[in-house]
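Visitor: I've just opened this one up and I'm not sure where to look. Could you walk me through it?

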Amino acid sequence: MEHGILLSGADNIDFMIHGVFKYSFFGHEVWITTTHVCVLIVMLIIIGFAIAANRCMAKAREVPEGFQNVVELIVEKLDAMVDTPMGKAAPKFYNYIGTIFIFILVSNISGLLGLRPPTADYGVTLPLGVLTFILIHYNQFKYQKPKEIWEGMCSPLPPWLPIWLPINLISEIAVPISLSLRLFANVLSGTVMMALIYGLLGVIATAWPAALHVYFDLFSGAIQTYVFCMLTMTYIANARGDA
């Protein structure tokens, strides 16, 4: 496996994950890839921002200015995004939705920094979908009675005629797969497009691909982040019912 973190701008087209180094774990060869490194970089960026925000808010002024303005604006916008679909349950999900929103957004736009977006790896998006799946059914079993769950699984037919049960079970299992694949495929497609441009055009791909980076990494990345979080909140809100 070759080494490297940045998308290649050389003669060869390069949009694959590369091994950075390997080690032996209980007799098995394990690779640390560009995805692991880029996830670590994204985490360090987020942690650094969080530490700076925490120190800033510890000395917060009544009339905000500078960095305090930025922090308060981010928190207000994220909380407002959660309020509408989650209703009165919104305060319980501010932290979780805010965390995955920031992580996915920074991961999606990390291509602007020359990194391979971690969300272009299904090994990153699938756990996010599984987390949503767990939250959905945790809230469903917590706030709905077994009879209500059974009726929902048999819908649209009466509960004594569970013909639709297998189909509804498949649709439930498909939730984390569809969530993770949607995010993964959209980010990966942008990564592949940029890799093709750099690989096929070589030296001609100078300066002007920045406009494409703005679309694929920033615009499309922000949309996919919003879609993932909105679907997560909608599914959880439906699972909670009127709770």
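Visitor: Which residues touch the most other members of the largest nonpolar core?

Guide: Keep in mind that this is a predicted model. The largest nonpolar core has 29 residues. Those touching the most other members are Met 81, Val 82, Met 86, Phe 93, Ile 97, Leu 128 and Phe 228.

Visitor: And which helix gives the most to this core?

Guide: Several helices chip in: α1, α2, α3, α4, α6 and α7 each supply at least two residues of the core. The top giver, with eight residues, is α3.

Visitor: What does Phe 93 touch?

Guide: Phe 93 is one of the core residues that touch the most other members. Let's skip residues up to four places away in sequence. What's left for Phe 93 is Val 82, Met 86, Gly 98, Asn 139, Ile 236 and Arg 240.

Visitor: Arg 240 again, then: over which ring does its charged end sit?

Guide: We just met Arg 240 as a contact of Phe 93. Its charged end lies 4.1 Å from the centre of a ring, and that ring belongs to Tyr 143.

Visitor: Is Thr 232 buried or exposed?

Guide: Thr 232 lies in helix α7. Leaving aside neighbours within four places in sequence, Thr 232 is in contact with Tyr 96, Ile 97, Thr 132 and Leu 179. A residue counts as buried under 20% relative accessible area. Thr 232 has 0%, so the word for it is buried.

Visitor: How are the rings of Phe 49 and Phe 67 arranged?

Guide: The structure holds two aromatic pairs, and here's one of them. Phe 49 is in helix α1 and Phe 67 in helix α2, 18 residues apart, which makes this a link between distant parts of the chain. The ring centres are 5.5 Å apart. Planes over 60 degrees apart count as edge-to-face, and these planes are at 75°, so the pair is edge-to-face.

Visitor: Are those two Phe residues buried or exposed?

Guide: Neither word fits, because both fall between under 20% for buried and over 50% for exposed. Phe 49 has a relative accessible area of 35%, and Phe 67 comes in at 32%. That makes Phe 49 partly exposed, and Phe 67 is likewise partly exposed.

Visitor: How far apart are the end C-alpha atoms of residues 93-113?

Guide: An unreviewed UniProt entry annotates residues 93-113 as a transmembrane region, along with spans including 30-52. Residues 30-52 are 83% helix and 17% strand, with end C-alpha atoms 35 Å apart. Residues 93-113 are 81% helix and 0% strand, and their end C-alpha atoms are separated by 30 Å.

How values were computed
Residues are numbered from 1 along each chain as its sequence is written. This is a predicted model: local features need pLDDT of at least 70, side-chain atom pairs count only at pLDDT 80 or more; totals for chains, interfaces and linings use all residues. Side-chain values use heavy atoms; hydrogens and water are left out. A nonpolar core is a set of buried Ala, Val, Leu, Ile, Met, Phe, Trp, Tyr and Cys residues joined through side-chain atoms within 4.5 Å. Buried means under 20% relative accessible area, exposed over 50%, partly exposed in between (1.4 Å probe, protein chains only). Helices (H or I, at least four residues) and strands (E, at least two) are DSSP runs, numbered from the N terminus. Contact means heavy atoms within 4.5 Å. UniProt positions are given in the numbering used here, feature names are shortened, and annotations may be inferred rather than shown by experiment. Rings of Phe, Tyr and Trp (its six-membered ring) pair if their centres lie within 6.5 Å; planes under 30 degrees apart count as stacked, over 60 as edge-to-face and the rest as tilted. A charge sits over a ring if NZ of Lys or CZ of Arg is within 6 Å of the ring centre and within 35 degrees of the ring normal.
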